[in-house]
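Here are my notes on the structure shown below, set out as numbered points. They begin with one aromatic residue and then move on to its surroundings.

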Amino acid sequence: MRTESIPNGTRHEWIDGMLHVQSTPTPRHQLVVGDIYRQIADELESRNDTVFVGPIDVEFTPNDVLVPDIVVVRDSNHSIITAKRLIGLPDLIIEVTSTETDWYDRAQKFGLYEREAVPEYWVVDPEKRVIEHFIHDDTRYLRRESDGPFTTSIRVHGLTVDLERVFRQ
């Protein structure tokens, strides 16, 4: 991963050693990310699990460094937290899509997360008002959509997000 030619402050990610420059998120994107983060942080407050809101680097390999919107690391997995970034597999990664990022989140990032076996990946679509869950079964992702007014994590016990609150904007 070469960073010497990237202007300071440029949002970027690396997949298979290829640089992907990211656009600045929209206000709606940030509102949805913020609401999900607050709900998760409130839920995890009494536990030793940790939630991060982007930007935070997650390094899978030196050639694969992504900046998810939200990352959850369970207490039993805290060894991946370093002084500068997360190195290894978080327990849950959440990406909020937009028209501009939908393909990237569902193809490029999905492929990397599936290949690296991230245990759980959520794709939040504010336009369709749905959260798609992808649960890794040690081979590939199995898909399920949120149903009803709440969505619940499979891998992070007791983590529930109120969809009506998320999509109220």
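1. Tyrosine 113 has a relative accessibility of 0% and therefore counts as buried (under 20% relative accessible area, with over 50% as exposed and partly exposed in between, for a 1.4 Å probe and protein chains only). This is a predicted model, in which local features need pLDDT of at least 70 and side-chain atom pairs count only at pLDDT 80 or more, while totals for chains, interfaces and linings use all residues. Residues are numbered from 1 along each chain as its sequence is written, and side-chain values use heavy atoms, without hydrogens and water.

2. The rings of phenylalanine 110 and tyrosine 121 have centres 6.4 Å apart and planes at 50°, so the pair is tilted (rings of Phe, Tyr and Trp, the last by its six-membered ring, pair if their centres lie within 6.5 Å; planes under 30 degrees apart are stacked, over 60 edge-to-face, and the rest tilted). This pair links distant parts of the chain, with phenylalanine 110 in helix H2 and tyrosine 121 in strand E9, 11 residues apart (helices, H or I, of at least four residues and strands, E, of at least two are DSSP runs numbered from the N terminus). Both phenylalanine 110 and tyrosine 121 are buried.

3. A search of the whole structure finds 8 aromatic pairs. In one of them, phenylalanine 60 and tyrosine 113 have ring centres 5.9 Å apart and planes at 55°, so this pair is also tilted. Phenylalanine 60 lies in strand E4 (residues 58–61) and tyrosine 113 in helix H2 (residues 102–116), 53 residues apart.

4. Phenylalanine 60 is buried, at a relative accessible area of 13%. Ring pairs join Phe60, Phe110, Tyr113, Tyr121, Phe134 and Tyr141 into a cluster.
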